Amino acid sequence: MLPERPRADTAMAAVLLWQTRYRLALALLAGGATIGLSSLGLFTLADTAAAVVGARASWFVGGVTAAYALLVLALQTWVRRTRSASSALSTLMVTADLVVVFWLVFLLTGHENYHLGLLLALFSLQLTHVYFGRLQALLLLAATAAGYLLLNDVALRHGANVHWGEILTTLVVFGVGSLLVTRVQSNLHERLDTLVTIFERAEEGDFSSSYDVAADERPDAITSVGRAYNRMRTQLAGIVLSDPLSGCFNRRGFEQQFRRELARAARAHTDVALLAIDLDHFKQVNDTHGHLVGDRVIAEVGELLRASARTDDVVARTGGEEFMILAPNTSIDGAQHLALRIVDAFRRRIFVEPSPRVSLTVSVGVVADGVPNEGIAEDLRARADEALYAAKRSGRNRVVMWSSGLDALRLKHAEGKPVAPGS
């Protein structure tokens, strides 16, 4: 079974957990430095902040950092216990980051330097977009603008000489720059998501999708990865979906093609045919001539089946000496004709010439039906296998067409002709 892709809430929980130690380290560094400098007389509170909170700067800084650290620890405990994190939880954490940034800027700088809060928020904005997505980044951008305006309004109310024209100009420049950064990162995220989807399909054996290199107006590292995948796609498909001995599809490749053709037939309301093929007494080939000769026979069998099938048919080796042919848009008459042609081709073919010249026959079970939906897959496979078993139990070297009530013990031994109940 393929590994499941991590759920979004689980992935977000992992991000919050590893970020916790950095948040705690920064909080302790900021708080400890401020308190230490204040105790040495090297720190003075900004004028506006002094007018608002009084002279106990170190206590306010210490209180903010302590509250922030407690919040981070509480969220860490919650996430570890639940092993998940919602968007609301990440929003709370990002909001707390922003509050601490603006609070420290308010305490430590004058109103003429409040733009430092925007600069620090820009770093937080980029990290938020990378780890939590575009929506969270846009919410942070709006909160940053509101926080900047609030700081300047507080400064104005306490007698600071605030020029709103300069404030708004700074805010517009910050907003435009932030939106451009967000747009660029959103484009990166979208293209990375495209690559992830392509890789996930490849993991399931679906190599039908390629990366659209031409859509990247400004090629970058992601484009290079997409281009490299496109170069390897055909080779990977051959390795993952093909049987190296027979040259046919392997079981995994057949399952993918089977589901795809059934979906197409269900949409178009057409029939599909399935042929289950077994090499008669193939074990004797290995026992008599050895496995190397047996391998050569399998390789030639694959060539013969592909030559006998039509262009759109899917030929697969599903077991040691077991093969299947999926024939899209094929009625019961067409499937019968194809099966008889294959049986006749094996009767006339001599394998591994000039020596040891191996003769081989096949038994074929055939089913053909309309496709109401993709759920018919297992039913078709079971009916084809039932017809194959009937062919083997009734003497091998023959074709059996599946029909309701098939009973191999009552089949007539009609050599080389389609056999069905009552024939």
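Start by selecting Phe346 and Phe351: both are buried (under 20% relative accessible area, against over 50% for exposed and in between for partly exposed, with a 1.4 Å probe and protein chains only). This is a predicted model, in which local features need pLDDT of at least 70, side-chain atom pairs count only at pLDDT 80 or more, and totals for chains, interfaces and linings use all residues. Residues are numbered from 1 along each chain as its sequence is written, and side-chain values use heavy atoms, with hydrogens and water left out.

**Aromatic pairs**

The structure holds 7 aromatic pairs. One of them, Phe254 with Phe258, is stacked, at 5.4 Å centre to centre and 20° between the planes. Rings of Phe, Tyr and Trp (its six-membered ring) pair if their centres lie within 6.5 Å; planes under 30 degrees apart count as stacked, over 60 as edge-to-face and the rest as tilted.

Now show helix α9 (residues 251–268), where Phe254 and Phe258 sit 4 residues apart, about one helical turn. Helices (H or I, at least four residues) and strands (E, at least two) are DSSP runs, numbered from the N terminus. Phe254 is buried at 1% relative accessibility, and Phe258 is buried at 0%. Go back to Phe346 and Phe351 to see a tilted pair, with ring centres 5.8 Å apart and planes at 40°.

Next select Trp18, Tyr22 and Tyr131, which ring pairs link into a cluster.

Then move to Arg383, which lies over the face of Trp402, 4.8 Å from the ring centre. A charge sits over a ring if NZ of Lys or CZ of Arg is within 6 Å of the ring centre and within 35 degrees of the ring normal.

**Helix α5**

Select residues 115–132, the 18 residues of helix α5. The expected span is 1.5 Å times one less than the number of residues; for α5 this gives 26 Å, and the end C-alpha atoms are 25 Å apart, which agrees. Buried residues in α5 include Gly117, Leu118, His129 and Phe132. Just after α5, stop at Gly133, which takes a positive phi of about 100°.

**Strand β1 and its partners**

Finish with strand β1 (residues 271–279), where 8 of the 9 residues are buried. Add strand β6 (residues 362–370): 9 bridges join β6 to β1, and the two run antiparallel. Two strands pair if DSSP finds at least two bridges between them. Leu279 has Val362 in β6 as its bridge partner.

Strand β3 (residues 322–328) also pairs with β1 in the antiparallel sense, over 7 bridges. Here, Ile277 has Phe323 in β3 as its bridge partner.
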